[in-house]
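Thanks for making the time this morning. I would like to spend a few minutes on aromatic rings, so please have a look at the sequence and the structure first.

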Amino acid sequence: MAATAFYQAIGTLQYSGCFSNSNLNQENGNSSYRLVSKVFNLDIAPLRSGTHCSRKRSFSVIQASTSQSTVFDPVSSPSNGSKSDSKKKPSEAALILIRHGESMWNEKNLFTGCVDVPLTKKGVEEAIEAGKRISNIPIDMIYTSALIRAQMTAMLAMTEHRRKKVPIILHDESEQARVWSQIFSEDTNKQCIPVITAWQLNERMYGELQGLNKQETAERFGKEKVHEWRRSYDIPPPNGESLEMCAQRAVAYFKENIEPQLQCGKNVMIAAHGNSLRSIIMYLDKLTSQEVISLELSTGIPMLYILKEGQFIRRGSPVAPTEAGVYAYTKRLAQYRQRLDEMFQS
């Protein structure tokens with residue numbers, strides 16, 4: 001099948017206008033939100049469910065959990081800064097998907113699922129290589145699962161990005177976590193990329209198979225039964241999730257939290273897992289349940305999509321940072337790379 005073959009933060013931020021309401025304290029219905037710890041209200045108009053675009057181009061925010069939009073970046077922003085340009089809808093945005101590098105249980109051929117296992121040395125190398133491949137592609141926001149192997153992959157990949165911005169995991173699990181993770185330098189904040197972790201992007205939960213050796217499990221239950229558990233769309237392993245169940249949470253999170261950011265022109269990277277990413281790709285490429293079950297994603301290989309005129313366009317995987325074909329796909333990517341070249345000329 002063709003589809004199978006192809007897929008082998010608290011400080012002062014300058015927002016460009018779009019953010020999710022998932023981490024804001026809502027007041028007075030959908031019309032007003034309070035941003036703390038500076039005491040003021042910002043009235044914003046609803047754009048769509050879960051997302052709001054501000055009427056102002058920039059404002060000060062003193063809460064890490066609200067920093068889900070990029071700071072102003074002279075490399076990726078329009079050079080003339082005219083008012084007419086600022087009112088234009090974003091023409092396109094880049095979406096990068098990366099399956100985490102090899103984990104220690106991948107290496108041992110064990111069912112991992114939602115067990116929090118780190119990368120192997122090979123996995124670290126795969127993550128770094130993935131970063132080299134996307135080193136010229138703009139990234140404003142990063143989403144990862146709640147699992148360390150995906151977070152390691154995202155962080156290691158960003159060490160290779162030419163822009164040299166620092167990925168910062170946002171901690172909003174408690175008020176203390178938000179307060180203790182404050183950043184008080186505006187200049188430092190401008191050189192950071194917010195990283196949002198979400199359990200909804202976790203690998204599918206393999207239930208009673210987690211920790212079992214795959215070969216031994218096949219011998220115990222039969223190859224056909226284990227294949228059914230692993231590759232069917234709607235049949236879960238014992239006390240686990242099916243791909244359909246994983247897709248329900250992963251796609252819902254993508255549509256509510258990530259897609260609105262892309263629609264506002266934010267360039268997003270998602271570092272996650274085979275099944276959560278297969279679910280998102282099923283949504284992006286409008287695959288059927290039969291097509292998605294034969295979809296295979298290699299560890300540490302980035303895949304690039306462009307959101308343009310409301311449509312997701314698959315652009316494949318960048319082969320190397322110097323591979324011109326990827327950047328020729330869109331004028332915006334080409335201009336971004338050109339500005340990087342100019343910025344870092346010796």
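I will go through the ring pairs and then turn to a charge that sits over a ring.

Please keep in mind that this is a predicted model. In it, five aromatic pairs are found, and I will discuss two of them in some detail. In one of these, the ring centres of phenylalanine 221 and tryptophan 229 lie 5.3 Å apart with the planes at 65°, and because an angle over 60 degrees counts as edge-to-face, that is how this pair is classed. As for their surroundings, phenylalanine 221 is partly exposed, with 37% relative accessibility, whereas tryptophan 229 has a relative accessible area of 8% and is therefore buried.

The other pair is phenylalanine 254 with phenylalanine 312, where the centres are 6.1 Å apart and the planes stand at 55°, so this one is tilted. Phenylalanine 254 belongs to helix α10, residues 243-263, and phenylalanine 312 to strand β13, residues 311-316, which means that the pair ties together parts 58 residues apart in sequence. Are these two rings buried or exposed? Phenylalanine 254 is buried, at a relative accessible area of 0%, and phenylalanine 312, at 16%, is buried as well, because the cut-off is under 20%. Both of these residues also belong to one aromatic cluster, which they form with Tyr283.

Finally, there is the charge I mentioned: lysine 214 lies over the face of phenylalanine 111, at 5.7 Å from the ring centre.

Note on methods:
Residues are numbered from 1 along each chain as its sequence is written. This is a predicted model: local features need pLDDT of at least 70, side-chain atom pairs count only at pLDDT 80 or more; totals for chains, interfaces and linings use all residues. Side-chain values use heavy atoms; hydrogens and water are left out. Rings of Phe, Tyr and Trp (its six-membered ring) pair if their centres lie within 6.5 Å; planes under 30 degrees apart count as stacked, over 60 as edge-to-face and the rest as tilted. Buried means under 20% relative accessible area, exposed over 50%, partly exposed in between (1.4 Å probe, protein chains only). Helices (H or I, at least four residues) and strands (E, at least two) are DSSP runs, numbered from the N terminus. A charge sits over a ring if NZ of Lys or CZ of Arg is within 6 Å of the ring centre and within 35 degrees of the ring normal.
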